[in-house]
Structure formats: C-alpha cells, structure tokens
Amino acid sequence: IASCLVGSEMCIRDSCLTRTVAMLIRYAITLLTTLFCSAALAEVHEVKMLNRGATGAMVYEPDYLAIAPGDTVKFIASHPSHNAASLAGFLPEGAEPFKGRINQEIEVTFDTPGFYGIQCIPHLAMGMVMLIQVGDHPLSEVQIPAALPTRARQRFEQIVEQAGSAY
C-alpha cells in the first residue's frame with residue numbers, strides 16, 4: 001500500500017506540474033498574441049511625392065493624414081528630386097525629427113500624438129508640404145510656424161482649412 005501511495009503522490013505531483021506548465025504556455029501565448037496583434041493593428045499609409053498632382057505642382061498626395069499613434073507613413077518617391085523630412089518647430093514635443101534622402105522612399109512610424117509638418121527640402125519655398133495629425137487633437141491646435149516661406153505657410157493654411165471642412 002505504501003508504494004501505491006507513493007506512486008499516487010508521484011502521479012499527483014506530475015499532474016500538477018503538467019497543469020502548471022500548460023498554464024504558463026497559455027499565458028505566454030496570450031502575451032505574444034497581444035503584442036503581435038497590437039503591432040498588426042497599426043496601419044501603413046502611403047504618400048506619393050509628385051512633381052504635379054491633383055492640387056498643383058510639387059505636392060504630396062495626400063497632403064493631409066489623420067492617423068493613430070503607432071501608424072507608419074511610407075513616403076513614395078513617385079517623381080525624382082523629392083524627399084520627406086520633418087519641419088523643425090512643427091513637431092509635437094518629444095517627437096523624433098526625421099529626414100529622408102532625395103529620390104528615396106522612407107517609412108516613418110509616428111508614436112507621439114500631435115501635428116507634424118512635413119517638407120520636401122528642395123521644394124519648401126514652392127509650398128511642397130503636408131500635415132500629419134497623430135491622435136485626436138483638434139485642428140484648432142495647429143500652430144503653423146511664422147518663419148516658413150510664404151508659399152509653404154499658405155499651403156499649410158489651405159490644408160488645415162480643407163481638413164477642417166472635411167469633418
């Protein structure tokens with residue numbers, strides 16, 4: 001009888017160990033699924049850099065995006081001599097500036113909520129800019145830097161006006 005009890009205790013211990021390992025595996029799978037699903041929920045938005053588009057010469061299409069934190073924007077070099085770069089003084093506090101190379105695609109993930117002014121460095125004076133809104137900030141909070149070239153400033157004002165009337 002003693003050997004049976006010992007054998008039964010062994011079986012009970014093995015059963016507990018098996019259940020514990022199975023439970024840990026389930027927790028690990030749940031954790032990994034949660035992490036990968038949240039990354040999978042982030043979207044990739046495409047923006048073309050164009051010599052001529054629906055709104056005129058030297059444009060980004062679209063010129064306004066409203067995205068969620070964690071989304072990525074892929075800037076596509078559709079025509080030569082363009083790039084995408086953040087505008088100094090037109091970024092949310094704590095956001096990382098970026099600068100793509102001329103004629104190169106660049107993907108940027110936007111994690112910090114707020115408004116991002118984007119420029120094509122060679123064509124800023126011609127008004128080649130776009131606005132990216134990350135999160136739910138109202139458009140009334142957009143502060144266009146006064147030091148921008150006139151055409152770039154006017155273009156940002158048009159973008160904000162059109163975005164506001166679209167909602």
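Leaving aside its neighbours within four places in sequence, which residues is Ser86 in contact with? The exercises below treat a predicted model.

**Exercise 1. Describe the surroundings of Ser86.**

Solution.
- Step 1: place the residue. Ser86 belongs to strand β5.
- Step 2: list the contacts. With neighbours within four places in sequence left aside, Ser86 touches Leu91, Pro97, Phe98, Gly117, Ile118 and Gln119.
- Step 3: look for a polar partner. A polar atom of the Ser86 side chain lies 2.9 Å from the backbone nitrogen of Phe98.
- Step 4: classify the exposure. The relative accessible area of Ser86 is 8%, and buried means under 20%, so Ser86 is buried.

**Exercise 2. Classify Gly89 as buried or exposed, and give its distance in space from Gly117.**

Solution.
- Step 1: Gly89 sits in the loop between β5 and β6.
- Step 2: the relative accessibility of Gly89 is 68%. The threshold for exposed is over 50%, so Gly89 counts as exposed.
- Step 3: from C-alpha to C-alpha, Gly89 and Gly117 are 8.5 Å apart in space, with their positions 28 residues apart in sequence.

**Exercise 3. Find the salt bridges in the whole structure and state which parts of the chain each one joins.**

Solution.
- Step 1: count. The search returns three salt bridges. As background, side chains of opposite charge can pair when their charged atoms come close.
- Step 2: take Asp63 and Arg155. Their closest N and O atoms are 2.3 Å apart. The pair links distant parts of the chain, 92 residues apart: Asp63 is in the loop between β2 (56-61) and β3 (64-67), and Arg155 is in helix α2 (residues 150-166). Both Asp63 and Arg155 are buried.
- Step 3: take Lys74 and Glu105. Their side chains form a salt bridge with an N to O distance of 3.7 Å. Lys74 is in strand β4 (residues 71-77) and Glu105 is in the loop between β5 (85-86) and β6 (106-110), so this salt bridge ties together parts 31 residues apart in sequence. Lys74 is partly exposed at 22% relative accessible area, and Glu105 is partly exposed at 46%.
- Step 4: take Glu157 and Arg153. The closest N and O atoms of this salt bridge are 3.6 Å apart. Both residues lie in helix α2, four residues apart, which is about one turn of the helix. Glu157 counts as partly exposed, with 38% relative accessibility, and Arg153 does too, with 27%.

**Exercise 4. Give the strand order of the open sheet of four strands and identify its edges.**

Solution.
- Step 1: the order is β2-β1-β4-β6, and the pairing is mixed.
- Step 2: β2 and β6 each pair on one side only, and these are the edge strands.
- Step 3: from one strand to the next, the twist averages 20 degrees.
- Step 4: check the sense of pairing around β4. Strand β1 (residues 44-53) pairs with β4 in the parallel sense over six bridges, and His45 has Val73 in β4 as its bridge partner. The pairing of β4 with β6 is antiparallel, over five bridges. Here the bridge partner of Asp71 is Phe110 in β6.

**Exercise 5. Assign residues of β6 to the covered face and to the uncovered one.**

Solution.
- Step 1: recall the rule. In a regular strand, side chains alternate between the two faces of the sheet.
- Step 2: apply it. Ile106, Val108 and Phe110 form the covered face of β6, while Glu107 and Thr109 form the uncovered one.

**Exercise 6. Find the aromatic pairs and work out the geometry of Tyr60 and Phe75.**

Solution.
- Step 1: the whole structure holds five aromatic pairs.
- Step 2: the ring centres of Tyr60 and Phe75 are 6.3 Å apart and the planes stand at 70 degrees. Planes over 60 degrees apart count as edge-to-face, so the pair is edge-to-face.
- Step 3: the pair links distant parts of the chain, with Tyr60 in strand β2 and Phe75 in strand β4, 15 residues apart.
- Step 4: Tyr60 counts as buried, at 1% relative accessibility. Phe75 is also buried, at 0%.
- Step 5: extend the search to a cluster. Ring pairs join Tyr60, Phe75, Phe98, Phe110 and Tyr116. Two of these residues appeared earlier: Phe98 through its backbone nitrogen and the Ser86 side chain, and Phe110 on the covered face of β6.

Methods:
Residues numbered from 1 in each chain as written. Predicted model: local features only at pLDDT ≥ 70, side-chain atom pairs only at ≥ 80, totals over all residues. Heavy atoms only, no water. Salt bridge = Lys/Arg side-chain N within 4 Å of Asp/Glu carboxyl O. Helix = DSSP H or I, 4+ residues; strand = E, 2+ residues; numbered from the N terminus. Buried < 20%, exposed > 50% of the residue type's maximum accessible area, 1.4 Å probe, protein only. Pairing = 2+ DSSP bridges. Axes fitted to C-alpha atoms, helices over the stretch in contact; angles between N-to-C directions. Phe/Tyr/Trp six-rings, centres within 6.5 Å; stacked < 30°, edge-to-face > 60°. Polar contact = N/O pair within 3.5 Å; in protein donor to acceptor, adjacent residues only side chain to side chain. Contact = heavy atoms within 4.5 Å.
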